[in-house]
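Q: I have a structure in front of me and would like to learn how to read it. Could you take me through some of its features in turn?

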Amino acid sequence: HFCSYGATRVGNGRLTAQAGQGGSSGTIDPDGVSDFTVSAAAAGDPVGLSFGDATDRITLALRSLEANVSGSGARPAFDATVSLASLALPQATVLDLGLDLSSTGFDIATRTGPVEMSASAASVASPIETLVPFLTGPTALSMKGEVGANTIPIEQASVQNDVWRLYTSPSQRDRTRSSMP
């Protein structure tokens, strides 16, 4: 439901199917107060979704998704948690992926603002042979940055698994460090 002043309202939307269920409720209002929740969960086996053409296809198996938008004005806070059984990209396949994404104030109109992300995966595999030795064990990623109009400057980030660790920090913004055990 779109209002004349730009708000989106959902009283209580619910979708139930054999594969899973989802729902949403609340309001996103850049001129007022936002309080919106959306969720989806598979009923048993993960729900498969595919995007793109055959050469650039992205396929995921969704277990669950939960997202919230709350706050006043055009820059409300948001947080989202996603659980995927798998994510298949042309360059890699990720298994048992958990992703948390949040912002303390994301501009709805321009889709810009601060973001923090953390992710963990039980395993990552790739058909690119030169990457295979570096994809051993569980992988963890964290990132803090700012989504801009055309860029995403990263203030702080780390990626690590059983073989290597790559990180940047605010005190060494222009230097990237890596270490291998």
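The dialogue below goes through strands, cores, salt bridges and a surface patch.

A: Keep in mind from the start that this is a predicted model.

Q: How is strand β1 joined to strand β2?

A: Strands β1 and β2 run antiparallel, with 7 bridges between them. The connection is a hairpin of 3 residues. For one facing pair, look at Arg14, which stands opposite Gly23 in β2.

Q: How many residues of strand β1 are buried?

A: Buried means under 20% relative accessible area. Strand β1 covers residues 8-16, and the count of buried residues among these 9 is 0. The strand is hardly covered.

Q: Which residues form the largest nonpolar core?

A: A nonpolar core is a set of buried nonpolar residues joined through their side-chain atoms. Here the largest one has 11 residues, among them Leu60, Leu62, Val82, Leu84, Val94 and Ala121. Strands β5, β6, β7 and β8 each supply at least two residues of this core. A second, separate core has 8 residues, including Phe78, Phe106, Met143 and Val147.

Q: What is Leu62 in contact with?

A: Leaving aside neighbours within four places in sequence, Leu62 touches Ala40, Ala42, Pro46, Val47, Val82, Ser83 and Leu84.

Q: How many salt bridges does a search of the whole structure find?

A: Side chains of opposite charge can pair when their charged atoms come close. In this model the search finds 2 salt bridges. One joins Asp96 and Arg63, at 2.7 Å from N to O. Asp96 lies in strand β7 and Arg63 in strand β5, so this pair ties together parts that are 33 residues apart in sequence. Arg75 also forms a salt bridge, with Asp107, and their closest N and O atoms are 4.0 Å apart. That pair links the loop between β5 and β6, where Arg75 lies, to the loop between β7 and β8, which holds Asp107, 32 residues apart.

Q: Is Asp107 buried or exposed?

A: Asp107 counts as buried because its relative accessibility is 15%, and the cut-off is under 20%. Its partner Arg75 has 39% and is partly exposed. In the other pair, Asp96 is partly exposed at 39%, and Arg63 is partly exposed at 33%.

Q: Which residues form a nonpolar patch on the surface?

A: The patch consists of Leu49, Phe51, Ile58 and Leu89, which together have about 300 Å² of accessible area. Leu89 lies in the loop between β6 and β7. With 32% relative accessibility, Leu89 counts as partly exposed.

Methods:
Residues numbered from 1 in each chain as written. Predicted model: local features only at pLDDT ≥ 70, side-chain atom pairs only at ≥ 80, totals over all residues. Heavy atoms only, no water. Buried < 20%, exposed > 50% of the residue type's maximum accessible area, 1.4 Å probe, protein only. Helix = DSSP H or I, 4+ residues; strand = E, 2+ residues; numbered from the N terminus. Pairing = 2+ DSSP bridges. Patch = residues over 30% accessible without salt bridge, like charges linked within 9 Å, V, L, I, M, F, W, Y side chains within 5 Å. Areas by Shrake-Rupley, 256 points an atom, 1.4 Å probe, with all protein chains shown as cover. Salt bridge = Lys/Arg side-chain N within 4 Å of Asp/Glu carboxyl O. Core = buried A, V, L, I, M, F, W, Y, C linked by side-chain atoms within 4.5 Å. Contact = heavy atoms within 4.5 Å.
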